[in-house]
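Grab a pencil and get the 3D view ready. Let's work through a couple of exercises together.

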Amino acid sequence: QAKRPQDYHQFFDEWSEHDIATMVRRDRNHPSIIMWSIGNEIAERADEPTGEIIARKLIATIHKYDTSRATTAAVNSFWDRRDFSWEKDSERAFRNLDVSGYNYQWKEYEKQQVKIQKLEDFVNKNLVRASTTKRAQSKRKQLEKMDRLERPEGEEKGPHFKFHANKESGNVVLKVTDAAIGYDSKVISNPITFELRKHHAMAIVGPNGIGKSTLLKSILGNIPFIHGSATFGTNVQTGYYDQEQQNLHDKKTVLNEIWDDHPNMLEKDVRSLLGSFLFVGDDVKKVVHNLSGGEKARLTLTKLALQEDNFLMLDEPTNHLDIDSKEVLESALIDFEGTILFVSHDRYFINQVADTVLEITPEGSNLYLGNYDYYLEKKAELEAIEAAKEAEQSQDDQQVSKTSQKQLNYKKSKELQKQQRKLQRLVDDAESEMERLEELKANIEQEMTLPDNFNDPQKMDTLHTKLSKATNDLNEAESKWTELSLELEELQ
């Protein structure tokens with residue numbers, strides 16, 4: 001927590017440029033603290049005509065020594081809101097500005113890190129494919145030209161928590177046998193068979209729509225298996241993290257969400273626990289319905305940590321969490337002495353946490369005894385072996401009847417060319433749509449940085465909604481483009 005700038009008052013008496021410059025250099029990562037100080041000074045001299053002149057002088061000097069975007073945002077926001085009742089509640093007004101340079105830098109850093117990871121994953125997946133190489137190379141150039149932000153230094157504000165199990169389970173924690181998952185008797189994966197033993201962490205992976213979350217819900221009995229069974233071992237206590245956060249109550253406050261489940265806890269202990277998950281001060285009085293996605297995720301993790309279960313089942317636990325919170329969650333799960341079964345799309349998170357990977361396909365399950373990198377390596381080996389067998393079989397077939405094969409190949413070639421042309425048009429259209437959505441997303445993000453917008457909650461809500469839609473549309477467009485590109489590659 002940034003210290004209150006009470007020592008700044010010595011500067012406001014003499015208004016020496018040297019002293020102001022010293023203040024800026026010392027706390028340039030916290031421009032809102034400087035704005036807070038200006039607010040107090042104006043409040044103290046509210047009846048003096050020189051108050052605003054003094055504030056303008058200070059702001060001009062600040063800009064002389066620090067023209068960063070964070071400080072500029074703080075300055076603009078201060079002048080836009082100079083009608084705040086600083087003398088009545090200056091500290092609260094400071095919090096409402098929400099333009100702390102340090103927090104701003106972290107948000108910018110985290111946003112860029114997400115973008116870098118997404119670009120790197122795209123390049124790694126598509127660079128080696130003939131049909132996607134050109135776009136992957138373009139993304140790689142974008143990465144190379146990117147002006148990468150340094151990790152902000154200072155007092156980092158992040159959650160700190162651990163998971164504890166109040167008792168040991170048996171050696172076999174979960175056994176799933178010949179299971180079929182789906183809805184309304186429609187099977188989407190079958191058969192699924194695996195055994196999870198104590199102290200292991202298993203990640204469930206597979207394409208979108210294959211039923212990873214459905215498998216977790218079927219194991220818990222929330223959605224029945226179409227056939228097959230799941231059996232828990234001795235002394236297994238299960239804690240479930242639902243990505244939809246259905247176990248939260250919209251009308252309760254953050255404090256009551258915890259206290260109602262644990263009425264014997266003292267209020268100070270509940271507040272202390274919530275503080276470790278970044279719910280401090282009046283945050284505990286917020287109504288669950290008004291919480292952001294990240295706040296709901298942290299509240300759900302708070303409830304899960306209090307249960308002290310020895311078997312954690314987690315459905316996309318990193319969704320909505322910032323980078324710092326993800327790292328803390330990773331550490332908590334790595335240190336956890338129980339057993340974990342989880343679904344995640346975050347490759348880095350899987351690598352850090354999982355020691356076993358369960359792949360779900362329409363044909364059932366495949367078990368890989370390693371992390372996500374090991375899974376990819378072994379899967380590539382198996383695909384290479386299968387491709388070699390198919391190539392050998394194809395060669396043998398060609399030698400059996402070269403003449404008839406040539407005639408058949410001619411017809412197939414004409415049909416193949418027709419399909420290739422059609423697919424190429426679809427790939428080009430999909431790529432154009434991706435470029436349009438990327439430009440739209442970038443424009444929205446640019447709008448969100450404008451002072452007139454980020455100081456207006458209604459505008460920011462609207463922009464967040466537009467950004468979420470653009471992001472979802474872009475993800476769908478990229479999935480469609482990847483699917484079409486792979487299909488085209490198979491025909492080439």
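Here are two exercises on this predicted model, each with a worked solution.

**Exercise 1.** Find T302 and work out what surrounds it: is T302 buried or exposed?

*Solution.*
Step 1: Start with the helix. T302 sits in α12, which covers residues 293-307.
Step 2: Check the accessible area. The relative value for T302 is 0%. Buried means under 20%, so T302 counts as buried.
Step 3: Follow the side chain. The side chain of T302 reaches the backbone oxygen of R298 at 2.7 Å.
Step 4: Look for neighbours further off in the sequence. Leaving out residues up to four places away, T302 touches I258, L273, L274 and F277.

**Exercise 2.** Lay out the sheet that contains β1: which strands stand at the edges?

*Solution.*
Step 1: Write down the strand order. The open sheet has 3 strands, ordered β2-β1-β4, and the pairing is antiparallel.
Step 2: Look at the ends of that order. β2 (186-197) and β4 (227-232) each have a single partner strand, so one side of each has no neighbour in the sheet, and these two are your edges.
Step 3: Add the twist, which averages 15° from one strand to the next.
Step 4: Zoom in on one pair. Strand β1 (residues 172-183) is joined to β4 by 5 bridges, and V176 stands opposite A230 in β4.
Step 5: Now put a helix on your sketch. Helix α9 (residues 212-220) lies across β1, β2 and β4, and α9 runs at about 120° to β1.

Key: Residues are numbered from 1 along each chain as its sequence is written. This is a predicted model: local features need pLDDT of at least 70, side-chain atom pairs count only at pLDDT 80 or more; totals for chains, interfaces and linings use all residues. Side-chain values use heavy atoms; hydrogens and water are left out. Helices (H or I, at least four residues) and strands (E, at least two) are DSSP runs, numbered from the N terminus. Buried means under 20% relative accessible area, exposed over 50%, partly exposed in between (1.4 Å probe, protein chains only). A polar contact is a pair of N or O atoms within 3.5 Å; within protein, one must be able to donate a hydrogen and the other to accept it, and residues adjacent in sequence count only if both atoms are side-chain atoms. Contact means heavy atoms within 4.5 Å. Two strands pair if DSSP finds at least two bridges between them. Axes are lines fitted to C-alpha atoms, for helices over the stretch in contact, and angles run from 0 to 180 degrees between N-to-C directions.
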